[in-house]
Amino acid sequence: MTIPKDTAAFTLAASATLSLEETVRTRRSYRGFLPTPVPDAVLQEVLQDAQNAPSNCNTQPWHTHIVRGAKLAELSEAMHSDNDAGRHTPDFSFDMDEYVEPYLGRQKAQGKAYFEAMNVMRADMDGRHRAAARNLSFFGAPQVALLFMPSFGDNVRVGGDIGMYGQTFLLSLAARRLGGIPQTMLGFFAGTVRELLAIPETQKLLFGISFGYPDEEAPGNRVRMDRVPVSESVTFHS
Ligand SMILES: Cc1cc2nc3c(=O)[nH]c(=O)nc-3n(C[C@H](O)[C@H](O)[C@H](O)COP(=O)(O)O)c2cc1C
């Protein structure tokens, strides 16, 4: 049975959570969302779950900005305009040219899967630019969570903490049959985001999570990424 999305029954259904195993094994990144906003009551539950993430020395360094409505449209427009002009203001570097094997091969496979799902040919640079730019429209999601953090030292520990928070947020969504996608690309426009949302310079943007009700029919959601066997990632010692 499909429950209409603007009803109290749907909100209730979204608050009934899947088992841990179903949650972690069905979570995936969505790149296409319905315009229906996530009700506040459900969002509060997700934020409470994420708040329980572990962190170094319990510092809880996450500062989450939820953007929706007119502000979201304004943000999207500003980021698209920056992107088209090649104006990037990231807080943290990200250079895919630094990947070496076996990570490089996995990164290439991920890009190929997305562009194929979007019917973009390898040599079509304009098409690739447009497909990547869908990140800046939040893949149609009517809300985004922007994960800001303070900057300490080389930021590796704080970055790890934000990762813990982000995954808890994503799993909480998945458990409620909602979906999200972590997006480093949103961090390329950190300066613009800070200015538009009046966020102090001391807060740095690591990544964002567009989220909501997945549009199962969207081409971007045809992507399914596999995993290498556990034995390639885990070494036992005794
Ligand atoms: C921190 C982080 C940043 C990411 N940034 C982006 C992004 O900017 N755009 C995008 O389309 N996917 C992004 N992804 C999604 C990954 O491509 C995705 O997690 C990976 O391919 C595995 O697929 P799955 O999440 O569906 O299992 C990001 C993932 C993580 C963890």
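Two strands pair if DSSP finds at least two bridges between them. The exercises below apply this to a predicted model.

**Exercise 1. Establish the order of the strands in the sheet and identify those at its edges.**

Solution.
Step 1. Begin with the pair E3 and E4 (residues 204-212): five bridges join the two strands in the antiparallel sense. Within this pair, Gly180 has Phe211 in E4 as its bridge partner, and Pro182 stands opposite Ile209 in E4.
Step 2. Turn to E2 and E4, which run antiparallel and are joined by seven bridges. Here Ala145 has Ile209 in E4 as its bridge partner. Ile209 thus appears opposite Pro182 and as the partner of Ala145.
Step 3. Place the strands together: the sheet is open, has four strands in the order E1-E2-E4-E3, and is paired in the antiparallel sense.
Step 4. Read off the edges. Strands E1 (63-68) and E3 (179-183) each have a single partner strand, so one side of each lacks a neighbour in the sheet.
Step 5. Add the geometry: from one strand to the next, the twist averages 25 degrees.

As background, strands of a sheet pair through backbone hydrogen bonds, either parallel or antiparallel.

**Exercise 2. Determine which elements helix H4 touches in the sheet, and what covers the buried residues of H8.**

Solution.
Step 1. Helix H4 (residues 69-84) packs on the sheet, where it touches E1 and strand E2 (143-149). The direction of H4 makes about 95 degrees with that of E1.
Step 2. For H8, apply the cut-off for burial, which is under 20% relative accessible area. The residues Ala190, Thr192, Val193, Arg194 and Leu197 of H8 are buried.
Step 3. The cover over these residues of H8 includes E1, H4, E2 and E4.
Step 4. Examine E4 itself: eight of its nine residues are buried, and the strand is mostly covered.
Step 5. Continue past the end of H8, where Ala198 follows with a positive phi, near 55 degrees.

**Exercise 3. Describe the nonpolar cores and the surroundings of Phe138.**

Solution.
Step 1. The largest nonpolar core contains 29 residues, and the members with the most contacts inside it are Met79, Phe138, Leu146 and Val193.
Step 2. Assign this core to secondary structure: H4, helix H5 (103-117), E2 and helix H8 (190-197) are the elements that give two or more residues to it.
Step 3. List the contacts of Phe138, leaving out residues up to four places away in sequence: Phe33, Leu72, Leu75, Ser76, Met79, Val144, Leu186 and Ser210.
Step 4. Separate the other core, which has 22 residues, including Ala145, Met149, Leu173 and Leu178.

In general, nonpolar side chains of soluble globular proteins tend to be buried together.

**Exercise 4. Locate the unusual backbone geometry in the loops.**

Solution.
Step 1. Recall the usual case: most residues other than glycine have a negative phi, and most peptide bonds are trans.
Step 2. Find the cis peptide bond: it joins Glu101 and Pro102, with omega about 5 degrees. Pro102 lies in the loop between H4 and H5.
Step 3. Asn58, which is not a glycine, has a positive phi of about 55 degrees. Asn58 belongs to the loop between helix H3 (40-51) and E1, and its relative accessible area of 52% makes it exposed.
Step 4. Arg177, likewise not a glycine, has a positive phi of about 65 degrees. The loop between helix H7 (156-175) and E3 holds Arg177, which counts as exposed at 54% relative accessibility.

**Exercise 5. Characterise the overall fold and dimensions of the protein chain.**

Solution.
Step 1. Count the elements: the protein chain has nine helices and four strands. Along the sequence these follow the pattern α-α-α-β-α-α-α-β-α-β-α-β-α.
Step 2. Compare the radius of gyration, 18 Å, with the 18 Å that the globule rule gives for 238 residues; the values are close, so the protein chain is as compact as a globular protein of that length.
Step 3. State the extent: the C-alpha trace spans about 55 × 45 × 40 Å along its principal axes.
Step 4. Assess burial and surface. Of the 238 residues, 40% count as buried. The accessible surface comes to about 13700 Å², of which 54% belongs to carbon and sulfur atoms.
Step 5. Consider the contacts between residues at least 6 apart in sequence: 84% of them join residues at least 24 apart.

Notes: Residues numbered from 1 in each chain as written. Predicted model: local features only at pLDDT ≥ 70, side-chain atom pairs only at ≥ 80, totals over all residues. Heavy atoms only, no water. Axes fitted to C-alpha atoms, helices over the stretch in contact; angles between N-to-C directions. Contact = heavy atoms within 4.5 Å. Core = buried A, V, L, I, M, F, W, Y, C linked by side-chain atoms within 4.5 Å. Buried < 20%, exposed > 50% of the residue type's maximum accessible area, 1.4 Å probe, protein only. Rg over C-alpha atoms; globule rule 2.2 N^0.38 Å. Areas by Shrake-Rupley, 256 points an atom, 1.4 Å probe, with all protein chains shown as cover.
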